[in-house]
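Welcome, and thanks for taking a look at this one with us. Please have the sequence and the model open side by side as you read.

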Amino acid sequence: MTENQKGFSGKQVSEVTVEAIRRGDITLDDVRIHPDTLAHQADVATANGNPQLAANFLRAAELTSLSDEMVLGYYDALRPGRSTAQDLLNIANTLQAQGAERNAELFRQAADVYARRGLTAK
Amino acid sequence: MTTKEPIGRFRFMNEQRVNLDGFATPAPELGLVAFNGPNDPAPSLVITDGRITELDGRTESEFDSIDSFIAIHGIDLEVASEAMAIDSLDFARRLVDPNISRLDIVRLASGMTPAKLAEVLSLLNAAELVIAMTKMRARRTPSNQAHVTNRSDDPLLLAADAATAAAFGFRELETTVPVAADAPSNAVAVSIGAAVGSPGVLVQCSVEESAELALGMRGLVSYAETVSLYGTEQIFIDGDDTPWSKAFLTSAYASRGIKMRVTSGGGSEALMGGAQKCSMFYLEARCVALARAIGSQGVQNGGIDSAAVAGAVPGGVRSLMAENVMVMLRNLEACTGNDALMSESDVRRTSRTHPIFIGGSDFINSGFGSIQRYDNMFGPSQWNSEDIDDFLAMQRDWGVDGGLRTADEEEVARLRRRATDAVTAVYSWLGLGDFSAAWADEAVDAAGSKDITSGDLMLPLTAARTIMDTNVTMLDVITALAENGFDLEAQRCLDMLKARVAGDYLQTSAIFDEGMNVLSLVTDPNVYSGPGTGYQMTPERQQQVDTIRQQRSVADLLSEQQSFVNKNISELGIAEVSYDPRDVVIGVSPATGKDIWVTLSGLSVADAIGELLAGLEEEGCVGRIVRINDTLDLGMIGLTAARLSGSGVSVGLQAKGTALIHRRDLAPLANLELYSVAPTITRDLYRMMGINAGRHAKGATPEPVRNPYSDEAIEARYHTKVVSLVAIERMCVNSQHPQTLVVT
């Protein structure tokens, strides 16, 4: 484990100690992964012969800035019969605007395939 | 039609446990076929303008959502043409060729379609699958995963059992709930117990997809596994997901730095009536291709909940293992099933697991039931706490690292106490609930939840609600641990949170060793190129595998014998030849009255001699005890004794209990009667031998006694003891003349 790694909040992981937690100085964002770290892990995955795992890490990097509720909400929107094709495209646009291009692309693909396969909301 | 009672041989065979299992005539139209279903396509791939336009016999417009996702994301187009052109038999042979590297194979496999890999792997026989698994798994060091659950979601028992599982060597612990709403409490209790047991043990709580992710986001669990994939679109949708929702979920876990793998397994589609006339193995090939396509680092497969479906058809068990190897070909972590119990027969379930155990996988069991069968809320596992000693013995027998180690009883007792103390303190400090001392005492001692009578069945639910309502996170648990003096456990829980920041354990096949080092495809890659390569146990690990708590040395046996020492056998002096026709010598072995005091049957040597003397007396003979010092061979002991005997008849007795009747005119290795199976010789039998020796001495006709028969594995039980006892006898051999002994 690299001790000079930073959490999502930017706090150095070396500053996260039991004592600091006890004092109430640490939040979950301090022990959440940083998008730069995920980008690094994507490079590692590519170097180890798994571009799909790398792509997953890059999509994940985009999701780090979304709240837990947003992430769970988007997951639900992709479940079968939950969204119309237009709903999915709207989410894609929102994600695109937030710089989450890879996830936006995933939603655009879903809009297309769901419409063709009857997986959209009735 | 009249029903006829089968003959006895078949009535007897029908009663055997294997006949409780269901065996199905293959029904390809229902998907009840392991390989080569009627709708399995021939492998095909067409790439047009850098896009896949045909996949395994279907054109783009015919793609279902699974095909589409694989076509867009799952096939490496740069190697696809080269890979698909390789003859399947040629590629199958490369899997077992030590001169062709794993890297070459995974590179090509990434360009192969599901049907292509299904065709390749269906060509490997069982032995070849073992070699392929040895060579192809991602992580060099094998490992294992445990289920930790109980019927009442008892937090104290969960924590104690989690600590116990960690002590036995499991590196991942999976819990689940009989009551869905209890999940947060289970996650907390198992995480605390795991931290008590060992650093770096990963914990998951298997519940509905969203709920499981929410637990992960709070830091209450450190990995996820029950993200299910299916091989047909219909069943996928029935599971309330699509390839896209699963891909998003996969990224959601990674976005919080949480390890995850997906779950699939042959037979699930047939079980749910949606196999579409495809074989189990082909549908699983689609799942595995999809797992790679969505960016999951690993797959739990090998039947899983439907393992018994595959087990019911010809070749089904082989197909389960082939599923695991397919995951390895896709360069993913393989968590190789052997979880749901697929047979009532101990022979069949061992047979199903054994090749994988030998080949070695990232996790041999994707849930070894570390608790008793009845407490396993996933249903009984293929291996359970009933079998931990069997598994440890199998590791030792084959010199195989199956991920487990022997745990010391005192240490486990200490860990269980500490785990219940820690949970008691944390739950109290966070206002989740209070445990009585009696409950804790029972949990420490319990072999299962049936041993606990003092529990409060409502506590887990109340605790779980409070965790959710007051937004308890792992940070609060760490604070509570630290505030109550559990500094070590607080640090271990924090280390698991910090691991998420680093993200190294998101890579393929990652576990932590006890020094919190990540072992994965990246840091501990499996490189196998024939004998002497690949995973080799360190001397320390070899020692763990070789040393089980049941093993005994000669020194152990000697000190056990010493604990039975009594002073009632004493020496009277040199034994002389007798001319009294009533004289029958009982010749005893060199260690008698020195180092061996108890026979293998548990009877004391003195008592055995006492019965022989009493039997002789019943026949009007006089027994005389003489220790033969210069041989440990029972025939020679008997013959030497017979030559001293006034009647010419003797009894020979080894201190371990083996006995015979001898006569001075016989050859050394001959005898009149022999009790060869010492562990089964009772007091009555020694008495009977005394009587018969007396009758031989008088020239009367004895009633020969048959050796008692047993169907138990007497040799397995006693042969190691025999080796030690014989060694002790040999140490006592000397050139002294025979000595008269007396038993008082």
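What follows is a short tour of a predicted model, chain by chain.

## Chain A: helices only

Let's begin with the fold of chain A. Its secondary structure amounts to six helices and zero strands, which gives the pattern α-α-α-α-α-α along the sequence. The radius of gyration is 18 Å, well over the 14 Å that the globule rule gives for 122 residues, so chain A is more spread out than a compact globule.

The box that holds the C-alpha atoms of chain A, taken along the principal axes, is roughly 55 × 35 × 20 Å. Of the 122 residues in this chain, 44% count as buried. When contacts in chain A between residues at least 6 apart in sequence are considered, 41% of them join residues at least 24 apart.

## Where chain A meets chain B

How many residues does each chain bring to the contact? Chain A brings 45 residues and chain B brings 59 residues. On the chain A side, at least two residues each are supplied by helix H1 (18-22), helix H2 (35-47), helix H3 (51-63), helix H4 (68-78) and helix H6 (101-117). H3(A) gives the most to this side, with eight residues.

In character, the residues of chain A that touch chain B divide into 27 nonpolar, twelve polar and six charged.

## A parallel sheet in chain B

Now turn to chain B, where four strands form an open sheet with parallel pairing, in the order E7-E8-E9-E10. Strand E7 (223-228) and strand E10 (333-335) of chain B stand at the edges with a single partner strand each, so one side of each is left without a neighbour in the sheet. On average, neighbouring strands of this sheet are turned by 30 degrees against each other, direction ignored.

For a closer view of one pair, follow E7(B) to strand E8 (residues 259-263) of chain B: the two pair in the parallel sense over four bridges. B:Ser228 has B:Thr263 in E8(B) as its bridge partner.

## Two domains and a buried leucine

Chain B is divided into domain 1 (146-180 + 188-545) and domain 2 (556-743), according to a domain assignment. The centres of domain 1 and domain 2 of chain B, taken over C-alpha atoms, are separated by 56 Å.

One residue to pick out is B:Leu741, found in strand E20 (residues 739-743) of chain B. Is B:Leu741 buried or exposed? With 21 other C-beta atoms within 10 Å, B:Leu741 is buried, as 20 or more is the cut-off for that class. Leaving aside neighbours within four places in sequence, B:Leu741 has contacts that include B:Ile569, B:Leu572, B:Val588, B:Ile625 and B:Arg627. B:Leu741 and B:Ala575 are 166 residues apart in sequence, yet their C-alpha atoms are 8.8 Å apart in space.

## Two positive phi angles

Most residues other than glycine have a negative phi. Against that background, two residues of chain B deserve a look. B:Asp56 has a phi near 45 degrees, a positive value in a residue other than glycine. Its place is the loop between strand E2 (51-55) and strand E3 (58-59) of chain B, and B:Asp56 is buried, with 22 other C-beta atoms within 10 Å.

For B:Asn338, phi is near 55 degrees, a positive value in a residue other than glycine. B:Asn338 sits in the loop between E10 and helix H17 (346-359) of chain B. With 32 other C-beta atoms within 10 Å, B:Asn338 is buried.

Note on methods. Residues numbered from 1 in each chain as written. Chains lettered and ligands numbered in written order. Predicted model: local features only at pLDDT ≥ 70, side-chain atom pairs only at ≥ 80, totals over all residues. Rg over C-alpha atoms; globule rule 2.2 N^0.38 Å. Buried ≥ 20, exposed ≤ 12 C-beta atoms within 10 Å, placed from the backbone. Contact = placed C-beta atoms within 7 Å. Nonpolar A, V, L, I, M, F, W, Y, C, P; charged D, E, K, R; others polar. Pairing = 2+ DSSP bridges. Axes fitted to C-alpha atoms, helices over the stretch in contact; angles between N-to-C directions.
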